Amino acid sequence: MKTQIFNMAMLSIALNFLTACGGSDDTVNNPDPAGEIGDVENIQIFPESHPLNKDISNSPVDANSDLIINNIGTNKGLFPDFGSGEWEGSPIGIPYVSVDGSQPKVPIAFRANNYDGNYGNESDQGPFPIPLNAPIEGNGAGDSHIISIDVENGMLYELYNASQVGDGFEASSAAVFDLNKVAFRTDGWTSADAAGLPIFPLLVRYPEIEKGVIDHPIRFTISRSKIYEGYVHPARHLVSGNTGDELMPFGGRLRLKADFDISGFSKTNQIILKAMKTYGLMLADVGSDMFITGAPHEKWDNDDLKKLKQVTLDNFEVIELGDITLKN
């Protein structure tokens, strides 16, 4: 599931785009023009005891850290897969919308299409409170995630490979997360992400920059050949592949080394890099190496974000993985 990887041509185009694109002159379709998205940052996103809220700055380094880092590529730089403006006609990143308890619930139908299969048997069933005009990642191209957060009730709804049809949505998979509880998906189930993790809590979001702190791990991807066929808590799902000490399982975390000097970066990038030291990067899906995921926003400065590419993987370490679940 979700095994599509950018080919080299597309990767080159994307790299060149963010290199050339500046934030100040671009515009983006605001997925929530009423400004309610900021309300999401004012609610508790999972209890403090949830593993996605765990400070890992003092966690031990995994015994295979060097092997894993070398296998991914020590010279690989971070790639911010989010920003302002548009790329090929759609906002850059995974958008989301916030709603309240009055939002009508609409039906969700599960199906396969030419992009991916039907994972309805591993999905939460609808109806979901998602506006029919909710933004779709890539405007319906690629992974086509849809994310809706009920800020009044603290509930998160996520769809993968989704499209708006009739009075509801069609999708390959769907997941619901109660942001008020420490709870996880059924062991072996996917979500809207290959690892069975929630997407929204792992996104870099501009309102967090305005608050001055990112208090959670950041979602990232690597190519399938570098992923262990297994997963570690709190991930719940694996993809087929190989096992080996040099491979990283879903749910594994990278931590930016404490002595990495971030003083030369902008205030915005310092906030992002501090989060990598405190909460790390969490492997959540198959994709291009070291792509970190965020939400689109008109205030992102793309020229500034691209400076994160200077931060290479040799400045990271793998924190202790613990037990790896080998089969779904």
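**Exercise 1. Classify Asn242 by exposure and place it in the chain.**

Solution. Asn242 has a relative accessible area of 53%. The cut-offs are under 20% for buried, over 50% for exposed and partly exposed in between, with a 1.4 Å probe and protein chains only. Asn242 is therefore exposed. Next, its place: the loop between strand 12 (227-231) and strand 13 (248-250). Strands are DSSP runs of E, at least two residues, and helices are runs of H or I, at least four, numbered from the N terminus.

The model is predicted: local features need pLDDT of at least 70, side-chain atom pairs count only at pLDDT 80 or more, and totals for chains, interfaces and linings use all residues. Residues are numbered from 1 along each chain as its sequence is written, and side-chain values use heavy atoms, without hydrogens and water.

**Exercise 2. Which residues does Asn242 contact, leaving aside neighbours within four places in sequence?**

Solution. Contact means heavy atoms within 4.5 Å. The partners are Ile227, Tyr228, Glu229 and Leu247. Now take Gly230: Asn242 lies 12 residues from Gly230 in sequence, and their C-alpha atoms are 8.9 Å apart.

**Exercise 3. Describe the chain as a whole.**

Solution. Start with secondary structure: six helices and 17 strands. Then burial: 57% of the 328 residues count as buried. Finish with contact range. Among contacts between residues at least 6 apart in sequence, 76% join residues at least 24 apart.

**Exercise 4. How do the residues lining the second largest pocket divide by type?**

Solution. Ala, Val, Leu, Ile, Met, Phe, Trp, Tyr, Cys and Pro count as nonpolar; Asp, Glu, Lys and Arg as charged; the others, Gly among them, as polar. A lining residue has an atom within 4 Å of a pocket point; on a 1 Å grid over the protein atoms alone, a pocket is an open set of points where a 1.4 Å probe fits, with protein on both sides within 12 Å along at least five of seven lines. The count gives eight nonpolar, five polar and four charged.
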